[in-house]
Amino acid sequence: MSSTEHAHPHHEGAQEFGHGGTGKYWAVFLALCLLTGCSFLTYFEMWHHAIPVSVSRAFMMAVSVSKALLVMGFFMHLIWEANWKWVLTVPAAMMAVFLVCMLIPDIGFRTYHYSSHRWNHTPQPIEQPAEQLEGAPASLQPGH
């Protein structure tokens with residue numbers, strides 16, 4: 001090897017893995033800022049009046065998943081990894097879905113097997129007036 005081949009090892013590595021320049025990272029940063037701005041919109045009063053709660057929750061989930069995928073793909077360099085990443089992530093994702101599906105009935109039907117002693121010490125749900133349930137801002141709801 002000549003002395004010029006050792007002069008810039010970081011530049012050679014960057015070209016070898018194809019990460020490109022800093023433009024991609026700035027574009028991802030701007031996309032993350034835009035997505036954060038979208039999630040910030042859900043805080044305003046006009047959002048609560050115009051968008052149903054279920055749509056708002058789905059929107060926030062989509063924004064959160066998009067942000068996580070951008071961070072994992074670009075800042076954690078998963079987009080440039082070899083195909084072995086699927087060997088690790090697909091079984092783990094399948095196991096996560098399996099565990100959630102197995103726990104949903106356990107959590108949902110947990111009160112079916114309560115004893116009378118357990119029911120005596122179970123907290124009772126708090127009744128809220130109907131006008132607070134529909135369209136109330138998050139700051140007026142208890143626990144926020």
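**Notes on helix H4 and its surroundings**

1. Leaving aside anything up to four places away in sequence, Leu70 touches Val28, Ala31, Leu32, Leu35 and Phe75. Keep in mind while reading that this is a predicted model. Leu70 itself sits in helix H4, and it is one of the buried residues of that helix. One of its partners, Val28, is 42 residues away from Leu70 in sequence, yet the two C-alpha atoms are 6.8 Å apart in space.

2. Now the helix as a whole. H4 runs over 53-75 and has 23 residues. From its first C-alpha to its last it reaches 32 Å, close to the 33 Å you'd expect at 1.5 Å a residue. Its buried residues are Ser56, Val63, Leu70, Gly73 and Phe74. What covers these buried residues of H4? Helix H2 (23-41) and helix H3 (45-50) are included in the cover.

3. Ser56 deserves a look too. This serine is in helix H4, and its contacts beyond four places in sequence are Thr42, Trp47 and Ile51. Is Ser56 buried or exposed? The relative accessible area of Ser56 is 14%, and buried means under 20%, so Ser56 counts as buried.

4. Just past the helix there's a backbone detail to check. H4 is followed by His77, which has a positive phi near 60 degrees. Most residues other than glycine have a negative phi. His77 is not a glycine, but its phi is positive all the same, at about 60 degrees. This histidine lies in the loop between H4 and H5. Its relative accessibility is 31%, which falls between the 20% and 50% cut-offs, so His77 is classed as partly exposed.

5. On to the second largest pocket, with about 240 Å³ of space in it. Leu69, Met72, Gly73, Phe74, Leu78, Ile79, Glu81, Trp84, Lys85, Trp86, Leu88 and Thr89 make up the lining. Gly73 and Phe74 are worth flagging here, as they line this pocket and are also listed among the buried residues of H4.

6. Which helix gives the most to that lining? It's H5, with 5 residues. Both helix H4 and helix H5 (84-108) supply at least two lining residues each. By residue class, the lining of this pocket divides into 8 nonpolar, 2 polar and 2 charged. If you plan to look at the side chains there, Glu81 and Lys85 are both in the lining.

7. A quick word on the cysteines. How many disulfides does the structure hold? The count is 0. Cys33 is partly exposed, with 39% relative accessibility. Cys101 is partly exposed as well, at a relative accessible area of 41%.

8. Last, the overall picture. The protein chain has 7 helices and 0 strands, and along the sequence the pattern reads α-α-α-α-α-α-α. Of the 144 residues in the chain, 12% are buried. Taking contacts between residues at least 6 apart in sequence, 54% join residues at least 24 apart. The Leu70 and Val28 contact from the opening point, with the two positions 42 residues apart in sequence terms, is one example of such a long-range pair.

Notes. Residues are numbered from 1 along each chain as its sequence is written. This is a predicted model: local features need pLDDT of at least 70, side-chain atom pairs count only at pLDDT 80 or more; totals for chains, interfaces and linings use all residues. Side-chain values use heavy atoms; hydrogens and water are left out. On a 1 Å grid over the protein atoms alone, a cavity is a set of points where a 1.4 Å probe fits but cannot get out, and a pocket is an open set with protein on both sides within 12 Å along at least five of seven lines; lining residues have an atom within 4 Å of a point. Grid points are joined across faces, edges and corners, and a volume is the space filled by probe spheres set on the points. Helices (H or I, at least four residues) and strands (E, at least two) are DSSP runs, numbered from the N terminus. Ala, Val, Leu, Ile, Met, Phe, Trp, Tyr, Cys and Pro count as nonpolar, Asp, Glu, Lys and Arg as charged, and the others, Gly among them, as polar. Buried means under 20% relative accessible area, exposed over 50%, partly exposed in between (1.4 Å probe, protein chains only). Contact means heavy atoms within 4.5 Å. A disulfide is a pair of cysteine sulfur atoms within 2.5 Å. The expected span of a helix is 1.5 Å times one less than its number of residues.
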